[in-house]
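I open these notes with a plain aim: to go through one model and write down what I looked up, entry by entry. The structure comes first, and the entries follow.

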Amino acid sequence: EIVGTGSNHYETQVAAQWHLRGRDTSNVIFSKFDTNMRLDKDGMLLREIESVWCMVEPEVRKGITFMPNVYWSADKPDRQRTYMERFVSFTMNTLLQQSTFAMAFVSGSLDGVCEIGYTPPSLLAEDDLTVTKKQALLKEPSTYRLCSAILKVFPSGGNVKETRWTYDFLDKKMKRWMMGHVEKDRYMFTWIFCRRCCLRDFRDKHPAVRNNIRSILLLFASVMRMYIIFALPLNMVPCALIVVPKDMKDNAFSWLTLISVLPDNFGTSLSLRLPLYVLKTDHGKVDSTNLFLFFGYWALLPAAILSIIIMLRIQVRVYRSYKFLRFNWRTFMLYPLVFVPVMLVMGPLFLLWSYLKHGCLNRPAGHTICASPVSDSEDGDNSSDDDDMNDDSELDNPSGPSGATDVALLAGHTSISSLKRSESS
């Protein structure tokens, strides 16, 4: 891996091409995921991938992307996990299932991923960008959702304090993810609409986007997903919990009381009730604001109930899929207690502050191309091995800084031989 770039997908793609050079790779499935991932207990991932591969026509295989269920959690029982880690895992497990790609997991045809070119190691969102480039460049791209699950292990427990764990997650993980998300959207927008004037080419030029409508719709979905990340906690939740209840007055609606804790003569009754219809005003008309609130309420309520059911079903599956996870009833109490401060303060506000800080300072969020220092002795010891390696292959080692620079903005049809560094670089 190029030091500091997090470019493990780029490196594994180069290694796979290098290992299979000169052979027919039309029937090769390329999968990459991190070493801190655990497969579910039934171990059906490879069998599912091969079943789909054998069912489709050979000419369609190049555009296939395999997408299992990706979960995040510590590999410990709930009693040994921190409170914030349990809540973050719950949130991540829910949000990842609504994404258009599998986080930290890339799988599909080796020929397909090679045809779209190398994923730029300078960009943060390797997994997202790889799937997006497939949708943009391949003839018949398709994504197959698998039933198998993969668990990415969160560090938790030990002597790590809650505040320290929370800050490290926000500063080292979430900030980089969200900035990579924006970086990928900007990259795709430039590629789709401003390829000729705003993209810098190296040895190979950026190819034109093959599937324009598909790429634009995918970009729109990505931008909307980012908008919802901020709009849901900063706008919708405060509005639903504070603003709407104040505006929905007793004399404007006909109410159905389901549960009443205190009688009405106490002045403030604790009750659960639903609006049935909008009452007319003294002038015999229906107020448009009340009508808007009524339809918004009944649009939101079923969606909220369905979302809660889906979130609970996801959590049940996570705990059933991995034997080392043990559920504790106190975890249920975390969701209503931690939801408001995390969603309203720590999450989006921290991200907005990070965008402002890194934008003003012009500082990257994490993965930057750099090279580890090599001593003269190490360089001398490795020179003979490097010479033997270069004699047997067209590909010089791309792990150095100049190799990274050559592919930093490549998005097109780049062959493995084009990564060979020139004397000037």
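**Entry 1, a buried lysine.** I began with K184, which counts as buried at 5% relative accessibility. I keep in mind throughout that this is a predicted model. Looking for a partner to the charged end of K184, I found that its side chain meets that of D185 in a salt bridge, with 3.2 Å from N to O. D185 also counts as buried, because its relative accessibility is 10% and the cut-off for buried is under 20%.

**Entry 2, other charged pairs.** My next question was how many salt bridges the count comes to. The count is eleven. I noted the general point that side chains of opposite charge can pair when their charged atoms come close.

I then looked up K32 and D34, whose side chains meet in a salt bridge at 3.5 Å, N to O. K32 counts as buried with a relative accessibility of 9%, and D34 is likewise buried, with a relative accessible area of 18%. Following this pair further, I found that K32, D34 and K152 are linked in a network of salt bridges.

I also looked up K62 and E115, which form a salt bridge with 2.9 Å between N and O. This pair links distant parts of the chain, 53 residues apart, with K62 in the loop between helix 2 and strand 3 and E115 in helix 4, residues 110-115. K62 is partly exposed, at a relative accessible area of 36%, and E115 is partly exposed too, at 24%.

**Entry 3, cysteines.** I searched the whole structure for disulfides and the result was zero. For the record, I looked up the accessibility of two cysteines: C54 is exposed, with a relative accessible area of 59%, while C239 is partly exposed, at 29%.

**Entry 4, the nonpolar interior.** I asked which residues have the most contacts inside the largest nonpolar core. That core has 34 residues, and the ones with the most contacts inside it are F66, W72, V88, M92, M103, F169 and W177. At least two core residues come from each of helix 2 (45-55), strand 3 (64-73), helix 3, strand 5 (142-153), helix 6 (162-193), helix 8 (212-247) and helix 11. Helix 6 gives the most to this core, with six residues. I also noted a second, separate core of 18 residues, which includes L20, I116, L129 and W191.

To see the surroundings of one core residue, I listed the contacts of F66, leaving aside its neighbours within four places in sequence. F66 is in contact with I29, I49, V52, W53, F105, S107, G108, Y144 and L146.

**Entry 5, a nonpolar patch outside.** Turning to the surface, I found a nonpolar patch formed by L256, L258, I259, V261, L270, L272, L276 and Y277, with about 770 Å² of accessible area together. Strand 6 (253-260) and strand 7 (271-278) each supply at least two residues of the patch, and L270 is found in the loop between strand 6 and strand 7.

**Entry 6, backbone angles.** I looked for residues with a positive phi that are not glycine, and I write down two of them here. A104 has a phi of about 65° although it is not a glycine, and its place is in the loop between helix 3 (83-96) and strand 4 (105-109). N362 has a positive phi of about 55° and is not a glycine either; N362 is found in the loop between helix 11 (348-361) and helix 12 (376-392). Is each residue buried or exposed? A104 counts as buried at 8% relative accessibility, whereas N362 is exposed, with a relative accessible area of 71%.

**Entry 7, the chain as a whole.** I closed with the totals. The chain has 13 helices and seven strands, and of its 425 residues 44% count as buried. Among contacts between residues at least 6 apart in sequence, 76% join residues at least 24 apart. The accessible surface of the chain comes to about 23,800 Å², and 59% of that belongs to carbon and sulfur atoms.

Conventions:
Residues numbered from 1 in each chain as written. Predicted model: local features only at pLDDT ≥ 70, side-chain atom pairs only at ≥ 80, totals over all residues. Heavy atoms only, no water. Patch = residues over 30% accessible without salt bridge, like charges linked within 9 Å, V, L, I, M, F, W, Y side chains within 5 Å. Areas by Shrake-Rupley, 256 points an atom, 1.4 Å probe, with all protein chains shown as cover. Salt bridge = Lys/Arg side-chain N within 4 Å of Asp/Glu carboxyl O. Helix = DSSP H or I, 4+ residues; strand = E, 2+ residues; numbered from the N terminus. Buried < 20%, exposed > 50% of the residue type's maximum accessible area, 1.4 Å probe, protein only. Core = buried A, V, L, I, M, F, W, Y, C linked by side-chain atoms within 4.5 Å. Contact = heavy atoms within 4.5 Å. Disulfide = S-S within 2.5 Å.
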